[in-house]
There are 2 protein chains.
Amino acid sequence: MTSCLPVTRGDDYALPVPKQPRSGTDAAPSLQLSVDRTSPVPLYFQLAQQLETAIEQGILTPGRLLGNEIELAGRLGLSRPTVRQAIQSLVDKGLLVRRRGVGTQVVHSHVRRPLELSSLYDDLAAAGQRPATVVLHLTTEAASPAVAAALGVVEGVEVQRIGRVRYAHGEPMALLTNHLPAGLLDCRTAELEATGLYRMMRAAGISLHSARQAIGARPATAAEAELLSEGPGGPVLTMERTTFDATGRAVEFGSHVYRASRYTFEFQLLVRP
Amino acid sequence: MTSCLPVTRGDDYALPVPKQPRSGTDAAPSLQLSVDRTSPVPLYFQLAQQLETAIEQGILTPGRLLGNEIELAGRLGLSRPTVRQAIQSLVDKGLLVRRRGVGTQVVHSHVRRPLELSSLYDDLAAAGQRPATVVLHLTTEAASPAVAAALGVVEGVEVQRIGRVRYAHGEPMALLTNHLPAGLLDCRTAELEATGLYRMMRAAGISLHSARQAIGARPATAAEAELLSEGPGGPVLTMERTTFDATGRAVEFGSHVYRASRYTFEFQLLVRP
DNA sequence: GTCAAGGCTTTGTCCTGACAACATGACTTC
DNA sequence: GAAGTCATGTTGTCAGGACAAAGCCTTGAC
């Protein structure tokens, strides 16, 4: 267990005016950072997590300069590449900004999390809206041309089809239709109604890697309006998504319809330099 | 200029069956990679670009294994960290997948580009749809509560307001309303009608860093329907976006309305592990 | 007073070397 | 024949050092 004390370093005892650390934004972090070398968790990851929580908790305030990398490495007993790797991971997340000749700075608020492959179930649960699900149908059928193209399978091959209504606070929010390659996931109605599809897939060892999405809008059909308790012809948000695993095989094709009056897609995104 | 020849390495002259490189997916890349040490372009970046174009052009086919990092470094006269940095940048883009003990593999098709901070103008131009713009108004006004909150300024402060109609192939596509902090950008109608707002901002040295977006839908108002040549009450897609620069200051707040019958948001996204 | 030159600080890039963790296939043993 | 074990190959992690490039501030000259 390597630890490090707060306050500044040892170059503050000589000069009367000890040469402020340059930038107007105060530096000299008074945080306690430490790494545990006996832990199997990588050192750079330990450091990154501690910095991230410090930012989240407001201990590292926006605009604040981190100490320079060399000094930080020395304080923690790490090498500079390790510290750089930790910082880089937070830069990739958009929490820090580096400027050569200046230092590394905490980004000025606002930025929270970049866009992730979100699941409606988790989003609702995180927002405290008690999600609930009713399975409308759960069948296997021959892949239509559109489904076959999305999943990258031959037309007419057997695929699993899941139809659900998702509720929040007892109100219908969305109509979810999903197609999965046959045999990929052992779906049962009880499970589908208790949790989200992505959770089930992850639990089954399917690693979600990337997805292709299209978001649009159109008037609701009569059947959709009925199921969503919406006026006929009212606008609905549509989202089509094909999800791929790490090897690039499509593992899911979803075609979802949301009540426009109750739902919007919100996300954050970063510009890569 | 360090260069490297195609074909395999020198361990193929002894054994009758030269011990295939393990995996079923063929390895032994026959690509020509080279780095120019006199160039100011970083070595890792040169390598990353060459690998990326090789993947885009299909020279590196999906599922194919890259040679291992040590050998690749040796062939190019680079060190392993440099090669790793190049590979890592492509992993971050979703083009490659690493698996410990196995190797680095080209991702299996589909994946193209992750979501970027896209500009409608550039998107249309890239799709070959000749975008055109008409400026409706270009004024400065006192910030409304909503605008002030989005831009992080005090209510009532002067802000610039831009209203535009964006056309594609002569058809109206979207109504764009943007608010900018006063004095940030010298906007002129001629420029606004010739290019996109983001291009102007980048050209003015404003670095776009991150953005917060919300996408929804609603019925069009009478005025919107008129401007968009859409039936009254027809569904429109709405997008609100606040863009931040590297220091976290809001540089733009946009409130856009798209014809749902003509436009959908399409994007790719990655899951970070 | 203004502008240019130089020095300092900090991150960016790159190298060398080493060991650990994991996946895979072949071998051995039961 | 099946299961466990070992060897091998690959990426993951980490150290320590060196120089380059860029930003910022101070100093100096005009």
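In the predicted model, 25 residues surround DNA strand C, and those that come nearest are Arg98(A), Arg37(B), Leu43(B), Ser79(B) and Thr82(B). Both protein chains are thus represented among the nearest residues of this strand. The contact is weighted towards the backbone of the nucleic acid: 73% of the atoms of DNA strand C within 4 Å of the protein belong to sugar or phosphate, and the rest belong to bases. By class, the surface near DNA strand C comprises ten charged, eight polar and seven nonpolar residues.

Several secondary-structure elements contribute to this surface. At least two residues each are supplied by α3 (80-92), β4 and β5 of chain A and by α1 (43-56) and α3 (80-93) of chain B. Helix α3(B) provides the largest share, three residues.

Individual polar contacts to DNA strand C involve both phosphate and bases. A polar backbone atom of Glu69(A) is placed 3.0 Å from a phosphate oxygen of DNA strand C. Bases are approached by arginine side chains from the two chains. In chain A, a polar side-chain atom of Arg80(A) lies 2.9 Å from a base nitrogen of DNA strand C. In chain B, an N or O atom in the side chain of Arg80(B) is 3.4 Å from a base nitrogen of that strand.

DNA strand D is surrounded by 28 residues, of which Arg37(A), Leu43(A), Ser79(A), Thr82(A) and Arg80(B) come nearest. Sugar and phosphate make up 71% of the atoms of DNA strand D that come within 4 Å of the protein. The surface near DNA strand D contains twelve charged, nine polar and seven nonpolar residues. Elements that each supply at least two residues to this surface are α1 (43-56) and α3 of chain A, along with α3, β3 (96-99) and β4 (103-106) of chain B. Here the largest share, four residues, comes from α3(A).

Phosphate oxygens of DNA strand D are approached by side chains of both protein chains. In chain A, a polar side-chain atom of Arg37(A) lies 2.7 Å from a phosphate oxygen. In chain B, an N or O atom in the side chain of Asn68(B) is 2.9 Å from a phosphate oxygen of DNA strand D. A polar side-chain atom of Thr104(B) is found 3.5 Å from a phosphate oxygen of DNA strand D.

The two protein chains were compared by superposition. A turn of 180° with a shift of 0.1 Å along the axis lays chain B on chain A with an RMSD of 0.1 Å. The two copies are therefore related as by a two-fold rotation axis. The same surface serves both copies, with 97% of the contact residues of chain B recurring in chain A. Within chain B, the residue closest to the rotation axis is Pro235(B), whose C-alpha is 2.7 Å from it.

Chain A contains eight helices and twelve strands. Of its 273 residues, 44% count as buried. Among contacts in chain A with a separation of 6 or more, 60% are between residues 24 or more positions apart.

Two of the chain A strands that supply residues near DNA strand C, β4 and β5, belong to an open sheet of three strands. The strand order is β3-β5-β4, with antiparallel pairing. Strands β3 (65-66) and β4 of chain A are the edge strands, each pairing on one side only. Strand β4 (residues 96-99) is joined to β5 (residues 103-106) by four bridges in chain A. Arg98(A), one of the residues nearest to DNA strand C, has Thr104(A) in β5(A) as its bridge partner. Arg99(A) is bridged to Gly103(A) in β5(A). The two strands form a hairpin with three residues between them, and Gly101(A) in the turn has a positive phi of about 80°.

In chain B, Glu69(B) lies in helix α2 (residues 69-76). Glu69(B) has a relative accessible area of 11% and is therefore buried, the cut-off being under 20%. The side chain of Glu69(B) forms a polar contact of 2.9 Å with that of Arg80(B). Arg80(B) is also the residue of chain B listed among those nearest to DNA strand D, and a polar atom of the Arg80(B) side chain is 3.4 Å from a base nitrogen of DNA strand C. Beyond neighbours within four places in sequence, the contacts of Glu69(B) are Arg80(B), Val83(B), Arg84(B), Ile87(B) and Arg98(B).

Notes: Residues numbered from 1 in each chain as written. Chains lettered and ligands numbered in written order. Predicted model: local features only at pLDDT ≥ 70, side-chain atom pairs only at ≥ 80, totals over all residues. Heavy atoms only, no water. Buried < 20%, exposed > 50% of the residue type's maximum accessible area, 1.4 Å probe, protein only. Polar contact = N/O pair within 3.5 Å; in protein donor to acceptor, adjacent residues only side chain to side chain. Contact = heavy atoms within 4.5 Å. Pairing = 2+ DSSP bridges. Near = heavy atom within 4 Å. Nonpolar A, V, L, I, M, F, W, Y, C, P; charged D, E, K, R; others polar. Least-squares fit on C-alpha atoms with pLDDT ≥ 70 in both.
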